[in-house]
Amino acid sequence: MAAPPPRRTRRRTTALASALALFPLLLTGCGGVSVTGSAPDTFTTMGYGMGDALATDRIDTAKAALPSLHINVTEGAFDQQQFLSAVAAGDPPDVVHMDRSLIGGYAAQGALLPLTSCLSQAHVDTGDFYKTAIDEGSLNGAVYALPDSYDSRLLLMDDTVLRNAGVRPSSVNTSDWTSLKSLTKKLQRQQGGKLTRIGFDPKIPEFFPLWAKANGADLISADGRMAHLNDPRVVEALTYAVSLVNEQGGWGKFKSLRDSFDTFGAKNQFARDQVGMYPMEDWYVNALAGLSPHLDLGTQTFKARDGKPLNWTSGYGWAIPKGSPHPEAACTFIKTMTATKTWVHAARAKAAQVRKAGGPYTGDVTGNAVADRIIERDVWKPTGNAAYDKATRMLYSVSNKGFIVTSNAAGTEFKDAWQNAINRVLSGEQTPQQALDQAQHEAQSALDLANEGRG
Amino acid sequence: MTTTQHARLGDSTRRRSAKVPGRWRRHETWAAYGFISPWIVGFLVFTAGPMIASFVLSFTDYDGIGASHSVGLDNYRHLFQDPAVAKSLANTLLFTVMRVPLSMALALLLAMLLLRVGRASGFFRTLFYLPVMTPSVAVGILFLLLFNGNVGLINHVLGLFGVQGPAWTTDSLWIKPGLVLTSLWSVGSTVIIYLAALKNVPKDLYEAAELDGVGRWNSFRHVTFPQISGTLFFTLIVNTIASLQTFTEAYTAFFGSSNSQTYSNDAALFYVVYLFQQAFQYMHMGYASALAWLLFLVVLLITVIQAKVSKRFVYYEGDQR
């Protein structure tokens with residue numbers, strides 16, 4: 001056995017070992033791991049991106065409204081896990097930017113603060129916003145989120161594809177389901193066993209509320225407490241929408257082609273005539289204007305079976321999480337970001353940026369109806385590109401009419417219930433009736449638990 | 001100095017020299033504890049603590065935000081009534097049964113090839129290991145691109161041989177085989193382990209077998225296999241546990257990426273994906289904790305069975321188990 005080292009060396013060894021042992025404790029003990037990493041004068045946002053001048057200009061305005069705070073914009077999409085972990089750990093961001101369809105669920109869980117006192121103290125007139133957008137960010141009559149965007153659904157058409165198939169674009173009418181199916185079959189192309197062009201994409205599962213509403217049904221009751229997922233009209237709508245996919249070779253071929261689209265590239269599905277027509281959120285018109293300014297793009301409103309125009313609206317909202325370090329500043333921030341003046345100023349900045357780059361500015365729809373009217377009247381100007389000008393006019397005309405999937409306490413669970421049901425039908429695992437019966441059971445259980453406060 | 005003094009000194013020196021090694025041994029023991037204490041603290045704080053917390057939470061309706069209330073065994077009862085639990089468990093077990101033998105066989109084949117490569121072994125070893133460094137999320141996206149039924153590379157290659165490939169990403173029958181094939185991307189770490197084991201097989205055993213006129217297959221069966229059986233068993237356990245905990249690739253491809261925000265497929269609903277949904281999307285932390293404990297029991301059961309069965313085929317040098 002080797003001789004023991006001197007006592008001093010042994011002491012040092014033990015001290016070093018003890019220090020090493022304490023190291024993880026020190027790491028974990030000094031305030032824990034912070035999601036937001038906020039210093040007292042730092043104001044943190046979550047779920048907001050700074051993609052263009054519209055976004056950056058508004059943040060600049062908000063910074064001016066909160067001069068004593070350093071605004072830290074944590075960019076990136078809203079992440080449910082990150083948000084929930086942050087709230088549970090008592091370390092939430094000051095404000096959160098999220099899909100309004102999630103607001104009800106988080107509000108029911110107590111993860112968000114109602115904006116009732118904020119709205120009255122800051123003198124925010126909710127009448128300035130689209131009513132549907134305010135309703136979508138509310139639960140049981142209390143507003144939890146102020147609208148920060150407003151997506152309308154338009155029918156986008158590749159007029160070249162339609163004309164080449166001998167179809168007059170103006171004759172397209174989504175209210176006649178029999179002729180729509182024939183048209184779908186006529187516009188699609190298959191080659192060597194592969195689908196090479198989608199004639200008409202019903203955009204399911206994501207746009208299914210549009211199909212249900214077109215058939216006269218809502219997925220949920222007006223008070224947000226009763227699911228209507230296996231209503232016969234909902235089942236009929238799903239059966240029809242799935243039949244449109246099956247008419248084009250089935251889900252496997254259909255989705256494979258859809259997944260291969262270069263949606264945000266110059267070789268997008270319209271540029272390559274890979275699609276005849278489909279309902280789509282209006283922001284894609286804006287994207288196309290930048291990607292393919294010379295497209296033979298046609299736009300129409302989607303129509304219900306009774307022939308009336310139909311617009312399913314959704315979008316993002318600003319909310320204040322429970323435990324927000326600066327709730328009063330958060331109220332000021334939200335008010336400023338969604339104010340008419342802020343939006344108009346930002347729209348001017350964006351229009352200048354787009355025009356400077358040589359692109360057509362196709363307008364902005366914001367969630368604030370007053371701002372939208374000013375932007376339409378004063379900021380947007382016809383570009384001379386007939387297709388995009390028509391799209392913008394149509395977008396502004398439909399934005400005042402719209403319906404929402406009623407806000408509810410089950411939030412994501414309700415949404416997943418109907419979307420998963422449609423996926424099971426598309427994958428051939430269940431019939432529409434079986435899938436929607438199961439979805440009804442799942443959604444109603446989730447709603448009941450959430451409304452009992454046991455979500 | 002007197003004789004007595006000498007004797008005393010001698011006694012004390014003897015006593016000291018007899019005592020010092022014992023004291024040093026104690027010091028060594030404490031030092032050892034000191035050095036391993038970061039791991040012990042880490043284990044207590046980051047593993048044992050959360051496990052105990054999760055066990056307690058599994059008896060509550062905790063939602064991650066508000067106060068929790070005891071619900072007794074409700075969460076565990078619900079496990080047996082929830083069809084998604086059975087579905088996700090079946091998916092996970094089927095995936096494991098397909099993936100583990102295939103990945104082990106492929107890794108062994110590659111390791112045996114590497115053994116024969118000679119000088120270029122280092123290059124190929126690095127080459128095989130590089131994919132392991134790829135983030136799992138990227139692999140999930142890669143799955144969607146490579147296995148696209150319409151324009152994916154896999155079906156394109158199959159088409160060169162006149163085979164029309166399936167709709168890997170949408171057909172429920174082909175989802176799991178597709179994910180299994182994708183998971184082989186990261187087989188490199190197992191290859192490295194097998195290569196080390198193969199290099200440790202004594203050459204004289206092969207020479208003896210050759211002298212006895214044993215062919216290649218029998219040489220592998222009677223020499224290589226027993227010699228590396230301990231390593232095979234280790235990788236069997238590790239790969240099985242990893243497969244039972246599969247999450248990222250399937251989640252990215254079918255539940256979480258921007259390409260699949262709305263399209264999920266029940267065939268890809270693995271157990272941990274469902275657990276994640278319950279915990280972080282639906283905020284049912286209590287139920288998710290119960291799900292976690294069921295998975296723990298399933299993993300434990302399978303590992304115990306594997307350990308029992310292994311006694312029949314695992315050879316340990318000197319018969320030390």
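**Questions on a predicted two-chain model**

Visitor: In which helix of chain B is the place of B:Trp39?
Guide: The model discussed here is a predicted one. In chain B, the helix that covers residues 3-57 includes the place of B:Trp39. That element is helix H1.

Visitor: Is B:Trp39 buried or exposed?
Guide: Exposed residues are those with over 50% relative accessible area, and buried ones have under 20%. The relative accessible area of B:Trp39 is 61%, so this residue counts as exposed.

Visitor: What is the area of the nonpolar surface patch that includes B:Trp39?
Guide: B:Trp39 shares this patch with B:Trp30, B:Tyr33, B:Ile36, B:Ile40, B:Phe43, B:Leu44, B:Val45 and B:Phe46. Together these side chains make a nonpolar surface patch of about 990 Å².

Visitor: What is the volume of the largest cavity?
Guide: The structure holds 1 cavity of 30 Å³ or more. The volume of the largest cavity is about 90 Å³.

Visitor: Which residues lie closest to the centre of the largest cavity?
Guide: The lining of the largest cavity consists of 15 residues. By class, 7 of them are nonpolar, 7 polar and 1 charged. Those closest to the centre come from both chains: A:Gly105, A:Ala410, A:Thr412, B:Gln281 and B:Met283.

Visitor: Which element gives the most to the lining of the largest cavity?
Guide: Two elements of chain A, helix H4 (100-109) and helix H17 (412-426), give two or more residues to the lining of the largest cavity. The greatest contribution, 4 residues, is from H4(A).

Visitor: How many residues of the lining of the second largest pocket are charged?
Guide: The second largest pocket has a volume of about 1100 Å³ and is lined by 42 residues. Nearest its centre lie A:Glu413, B:His78, B:Asp82, B:Tyr274 and B:Gln278. The lining has 15 nonpolar and 15 polar residues, and its charged residues number 12.

Visitor: Which element gives the most to the lining of the second largest pocket?
Guide: From chain A, H17 and helix H18 (432-451) each give two or more residues to the lining of the second largest pocket. Chain B does so through helix H2 (74-81), helix H3 (83-117), helix H12 (271-281) and helix H13 (285-310). The most, 7 residues, comes from H18(A).

Visitor: What percentage of the residues of chain A count as buried?
Guide: Chain A has 18 helices and 13 strands, and its C-alpha trace spans about 95 × 60 × 50 Å along the principal axes. Of its 455 residues, the part that counts as buried is 57%.

Conventions. Residues numbered from 1 in each chain as written. Chains lettered and ligands numbered in written order. Predicted model: local features only at pLDDT ≥ 70, side-chain atom pairs only at ≥ 80, totals over all residues. Heavy atoms only, no water. Patch = residues over 30% accessible without salt bridge, like charges linked within 9 Å, V, L, I, M, F, W, Y side chains within 5 Å. Areas by Shrake-Rupley, 256 points an atom, 1.4 Å probe, with all protein chains shown as cover. Salt bridge = Lys/Arg side-chain N within 4 Å of Asp/Glu carboxyl O. Buried < 20%, exposed > 50% of the residue type's maximum accessible area, 1.4 Å probe, protein only. 1 Å grid on protein atoms, 1.4 Å probe; cavity = no way out; pocket = protein on both sides within 12 Å on 5 of 7 lines; lining within 4 Å. Points joined across faces, edges and corners; volume = space filled by probe spheres on them. Nonpolar A, V, L, I, M, F, W, Y, C, P; charged D, E, K, R; others polar.
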